[in-house]
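Here is a short report for a reader who has not met this structure before. Keep the sequence and the model in view while reading.

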Amino acid sequence: MSVGALQTLKGIIWGRCLLRAGSQSCKCRPSWHLRRHYVALPAFTFLLTVTDDIKSLRAVLNPDISKIRNIGIMAHIDAGKTTTTERMLYYSGYTRALGDVDDGDTVTDFMAQERERGITIQSAAVTFDWKSHRINLIDTPGHVDFTLEVERALRVLDGAVAVFDSSAGVEAQTLTVWRQAEKHHIPCVCFLNKMDKPTADLNFSMESIRLKLKASPILLQIPIGSGKNFTGVVDLLTNQKLIWNLTSTRDDGRTFEAKPLGQSEDPELLEAAGEARAALIEQVADLDDEFAELLLTDFSDNFEAVPAKKLQEAVRRVTLARKGVPVLCGSSLKNKGVQPLLDAITAYLPAPNERHHDLVRRWYKDDLCALAFKVLHDKQRGPLVFLRIYSGTLKAQTAVHSINRNSTERMSRLLVPFADQHVEIPSMSAGNIALTVGLKQTVTGDTIVSSKASAAAAARRAQSDGGTATKRGDHADIGIVLSGVEVPDPVFFCTIEPPTMAKQADLENALNCLQREDPSLKVRVDPDSGQTILCGMGELHIDIVHDRIRREYGIETHLGPLQVAYRETILQEASTADTLDRTIGDRRHFASVNLTVRPVDFASCEVAFTEELQVQIQPEIREAVENGVHSSYLQGPLLGYPVWGVSSLIHSVSVEPGTSPAMVSACVSRCMLKALRLAGGQVLEPVMSLEVTVGEEHLSSVLGDLAQRRGTVREIQSRHDNKVLLATVPLAEMMGYSTVLRTVTSGNATFSMELDAYEAMNPHDQSTLLKRMSGLM
């Protein structure tokens with residue numbers, strides 16, 4: 001084979017790769033276009049300039065696990081998550097043009113509703129390379145109605161980038177997503193975005209991270225210039241200036257100038273950089289003992305002489321230990337500071353093998369173990385299931401077993417996710433995020449393994465290991481179940497009706513598909529009226545679902561008025577007994593129960609048995625009693641809302657032989673209803689934590705409106721020329737608030753809110769609600 005032919009062959013092999021490396025590290029500049037949905041790997045070819053640096057196909061498809069970064073982008077709404085993601089994709093070579101949220105042409109916001117509204121509604125996964133690292137990135141929503149999307153993304157990710165509006169610092173939804181990251185022990189990197197805004201304030205943002213998030217921000221960069229004069233940053237680790245000399249609005253920011261700080265620089269910048277670097281070294285030494293020892297032994301005479309590499313290694317250790325969070329700054333919209341952020345992701349956030357998945361790997365060995373964390377419905381291919389692979393290798397055209405469903409399914413295709421476009425591959429190894437076709441029964445939270453035998457083998461290893469595996473009831477004997485995704489309870493509900501009864505079956509199918517995609521969407525049928533009830537996380541959530549049914553399924557549905565999902569609890573302890581004695585045919589059914597209910601502080605409900613009864617009760621009777629108690633918790637005695645904060649103690653259960661478990665459950669349920677009524681009912685209403693940013697001239701109008709909504713003002717803060725009003729307001733009073741706020745402030749205010757707690761409704765409001773719900777008003 002001639003040299004020219006060999007070089008051409010190398011180019012084709014490299015062209016068949018999944019992605020090319022980041023533009024900073026790859027000399028190739030392919031010209032390509034992804035087809036919709038997915039492309040098979042053999043047809044995924046480019047014309048390339050041949051270089052000596054040729055990657056193997058295996059390395060591209062399944063990179064070394066130490067080179068993988070599974071990260072999420074999280075933030076308050078409008079902080080710049082999607083814009084930052086778009087710049088990452090562009091600079092890595094994944095896209096050839098810069099997408100813009102306002103233009104509706106971003107990669108990750110591909111839903112029609114997202115592009116029309118300019119917000120992220122559902123999380124989107126993209127995969128790209130940056131300087132020899134594989135980055136699996138999930139762009140998450142910032143709106144409170146779509147908190148579940150953040151929750152299930154963080155459940156399977158290893159690190160996160162928290163994006164902040166540098167003029168606002170920590171905002172309402174920032175707190176929510178930060179708490180979610182902390183719950184899953186995820187190391188984070190902070191990016192102070194929008195440094196080009198006139199009101200951008202580095203010190204204010206740092207202080208808000210410190211005070212509101214209770215974190216230790218480690219400043220790695222300081223901005224050069226402010227507002228419109230923001231031109232770049234000083235890298236405090238290397239003492240380098242990174243300057244983006246953008247000559248026009250069309251300049252994409254791909255190239256920037258990096259040069260050491262010299263004595264000829266602006267004296268104020270030199271002084272600020274020197275002080276910031278000294279503070280950085282001191283802070284890292286306080287957080288990392290190894291680095292402190294290095295300073296004292298090798299650089300005691302001059303701490304400033306510590307090599308940048310040693311400082312970077314220490315920052316990485318601090319980040320992985322979650323003792324501190326690196327902070328970088330830039331402006332994604334102005335194409336400044338994103339490349340150093342990509343470098344920080346690979347430098348400071350963990351690889352999959354640096355996370356605490358040792359038990360899974362030890363129990364499953366080289367066998368497959370993965371978690372299904374998201375399901376999408378494709379009209380042509382059916383359900384597409386996202387999997388995070390923790391051990392083993394996932395291969396196309398193979399059967400896999402779901403421990404939760406206790407079922408085996410055949411996976412037809414394996415894809416790498418690229419938002420709404422996908423690339424088909426033959427296999428994928430541990431540490432990666434994959435997209436599968438053909439798993440029709442799998443739902444969010446399912447544990448997927450290679451076979452029933454491998455699951456049983458893992459369970460035996462765990463038992464012999466004495467480990468504390470997560471096991472769930474009937475699944476305990478057939479495998480180790482990974483902890484799933486915590487789904488919040490809905491706070492709004494309304495009726496939904498098809499245009500004609502002929503469309504009822506189509507509507508039910510649409511709702512089933514949407515529920516499988518979105519576990520926070522609940523659908524039930526009212527037993528009295530037979531109407532279909534749609535339950536969601538907020539006005540926007542239900543509005544999006546309504547719009548998707550119309551667009552994607554072609555059904556013009558009618559929504560009833562929105563109603564708040566209240567809860568019920570009890571005021572005092574109460575005890576009672578009940579007996580059920582019925583003869584059906586020639587068979588007598590007899591059951592008698594004695595129990596006590598009492599209020600407790602936590603939101604959930606529980607059932608317990610006395611020690612004596614715990615020993616005596618038969619398993620099938622125990623299950624029937626528990627079913628009866630839990631069914632009574634579903635509908636409270638006041639308004640029929642679910643019961644919260646109640647503990648039930650079963651003192652005695654007497655059952656005559658031959659009595660069916662259903663009769664036992666009915667007896668217990670009736671006894672529980674009597675006890676709940678005796679204990680006195682209390683309605684709990686969802687109360688929202690509200691944050692309104694408004695000019696001082698409109699503050700009094702906003703305060704007056706909140707007073708009419710039963711709102712309680714907690715604090716009024718000053719932020720630059722605006723006032724930030726923090727309040728708690730019942731959710732029932734917040735319907736249509738965005739329209740009213742826009743009216744009273746002439747459009748010069750923004751707000752955000754999240755569920756704060758369920759609180760007891762005062763007697764007057766409860767009486768009014770009871771009368772209204774019973775039709776007396």
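## A strand covered on both faces

Strand β6 is covered on both of its faces. Cys188, Cys190 and Leu192 point to one side, and each of them is buried. Val189, Phe191 and Asn193 lie on the other side and are buried too. In general, side chains in a regular strand alternate between the two faces of the sheet.

This is a predicted model. Strand β6 spans residues 188-193. Six of its six residues are buried, so the strand is largely enclosed by the rest of the structure.

## The neighbours of β6

Which strands pair with β6? One is β5, residues 159-165, joined to β6 by six bridges. These two strands run parallel. Within this pairing, alanine 162 stands opposite cysteine 190. The chain gets from β5 to β6 by way of helix α6, residues 172-183. That β-α-β crossover is right-handed.

Strand β12, residues 325-329, is also joined to β6. Here there are three bridges, and the strands again run parallel. Cysteine 190 has valine 327 as its bridge partner in β12. Cysteine 190 thus has a partner in β5, alanine 162, and one in β12, valine 327.

## The whole protein

Now step back to the full chain. The protein has 21 helices and 36 strands. It holds 777 residues, and buried residues make up 55% of them. Take the contacts with a separation of 6 or more: residues 24 or more positions apart account for 72% of these. The exposed area is about 34,000 Å². Carbon and sulfur atoms supply 49% of that area.

## Salt bridges across the chain

How many salt bridges does the structure hold? The count is 33. In general, side chains of opposite charge can pair when their charged atoms come close. Three pairs are set out here.

| Glutamate | Arginine | Closest N to O |
|---|---|---|
| Glutamate 754 | Arginine 179 | 3.3 Å |
| Glutamate 304 | Arginine 277 | 3.4 Å |
| Glutamate 685 | Arginine 710 | 3.0 Å |

Start with glutamate 754 and arginine 179, which form a salt bridge. This pair links distant parts of the chain, 575 residues apart. Glutamate 754 sits in strand β36, residues 749-760, while arginine 179 belongs to helix α6. Helix α6 is also the helix of the crossover between β5 and β6. Glutamate 754 counts as buried because its relative accessibility is 9%. Arginine 179 has 44%, so it counts as partly exposed.

Next come glutamate 304 and arginine 277, whose side chains meet in a salt bridge. They are 27 residues apart. Glutamate 304 lies in the loop between α9 and α10, and arginine 277 in helix α8, residues 267-287. Is arginine 277 buried or partly exposed? Its relative accessibility is 4%, so arginine 277 counts as buried. Glutamate 304, at 35%, counts as partly exposed.

The last pair is arginine 710 and glutamate 685, 25 residues apart. Arginine 710 is in the loop between α19 and β34. Glutamate 685 is in strand β33, residues 681-695. With a relative accessible area of 27%, arginine 710 is partly exposed. Glutamate 685 counts as buried, at 5% relative accessibility.

This pair is also part of a network of salt bridges. Glu685, Arg710, Glu733 and Asp765 are linked in it.

Notes:
Residues numbered from 1 in each chain as written. Predicted model: local features only at pLDDT ≥ 70, side-chain atom pairs only at ≥ 80, totals over all residues. Heavy atoms only, no water. Helix = DSSP H or I, 4+ residues; strand = E, 2+ residues; numbered from the N terminus. Buried < 20%, exposed > 50% of the residue type's maximum accessible area, 1.4 Å probe, protein only. Contact = heavy atoms within 4.5 Å. Areas by Shrake-Rupley, 256 points an atom, 1.4 Å probe, with all protein chains shown as cover. Pairing = 2+ DSSP bridges. Right-handed = clockwise from strand over helix to strand, strands pointing away. Salt bridge = Lys/Arg side-chain N within 4 Å of Asp/Glu carboxyl O.
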